[in-house]
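User: Please take a close look at one part of this model and describe how it is placed and what surrounds it. A short account of the whole would be welcome as the setting.

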Amino acid sequence: MNVPGHGVEVVWTGGRHIGHVCEAVERHQLIERGWTVQRILDRLSAFRVESRITEPEPGELRDALDWFFWLVQRAIGKTDRAPQMQAAIEAAERAAEAAARRAAADELRARLDEQQDEIQAAIAAMHEQFPRRPKVRRPYV
């Protein structure tokens, strides 16, 4: 279907008002989950190939927008994030974990530095109490 005055093919909206499309995108929270139009279309194409879903004939389809979002729900789901957003979230989690490990290591080093005098005193006391025995070297025969 061509939109009058625009010359743009709007097949997947079924000629529905753009507001209906926006409401459906908002209802599925696609933008908040990092999905762009191209990512959605790529995912839908891959899903249709994997699932062997063919496009219905125009006469068979009562509501193209409903069919489109039916595909979205199956291909993307209700909670799936866009791959780039998921990767960014995982990278941020790894960075936070690494920062926590560094902070724990820094804290341990600081505690050891604070206790360095006590540690050295304990080592010195052990050396006094248990002196090292000289190594006996045996002549080679």
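Analyst: Buried means under 20% relative accessible area, exposed over 50%, and partly exposed in between (1.4 Å probe, protein chains only). The model is predicted, so local features need pLDDT of at least 70 and side-chain atom pairs count only at pLDDT 80 or more, while totals for chains, interfaces and linings use all residues. Residues are numbered from 1 along each chain as its sequence is written, and side-chain values use heavy atoms, with hydrogens and water left out.

The protein has five helices and zero strands (DSSP runs numbered from the N terminus: H or I of at least four residues for helices, E of at least two for strands). Read from the N terminus, the order of elements is α-α-α-α-α. Of the 141 residues in the protein, 18% are buried.

The part chosen for the close view is the loop that joins helix 1 (18-27) to helix 2 (37-51), where H28 is found. H28 counts as buried because its relative accessibility is 12%. A polar atom of the H28 side chain lies 2.8 Å from the backbone oxygen of A24. Beyond its neighbours within four places in sequence, H28 is in contact (heavy atoms within 4.5 Å) with R33, F69 and Q73.

One of these partners, F69, leads to the aromatic residues. The structure holds one aromatic pair (ring centres within 6.5 Å for Phe, Tyr and Trp, the last by its six-membered ring). That pair is formed by F68 and F69, with 5.1 Å centre to centre and 90° between the planes, an edge-to-face arrangement (planes over 60 degrees apart; under 30 is stacked, the rest tilted). Both F68 and F69 are buried. H28, itself buried at 12% relative accessibility, is thus in contact with one member of the pair, F69.

Q29 is also found in the loop between helix 1 and helix 2. Q29 has a relative accessible area of 43% and is therefore partly exposed. Its phi is near 50°, a positive value in a residue other than glycine.

A positive phi is also found in R52, where the value is near 60° and the residue is again other than glycine. R52 lies in the loop between helix 2 and helix 3 (64-75). With a relative accessibility of 74%, R52 counts as exposed.

For the protein as a whole, among contacts with a separation of 6 or more, 67% join residues 24 or more positions apart.

Definitions and conventions
Polar contact = N/O pair within 3.5 Å; in protein donor to acceptor, adjacent residues only side chain to side chain.
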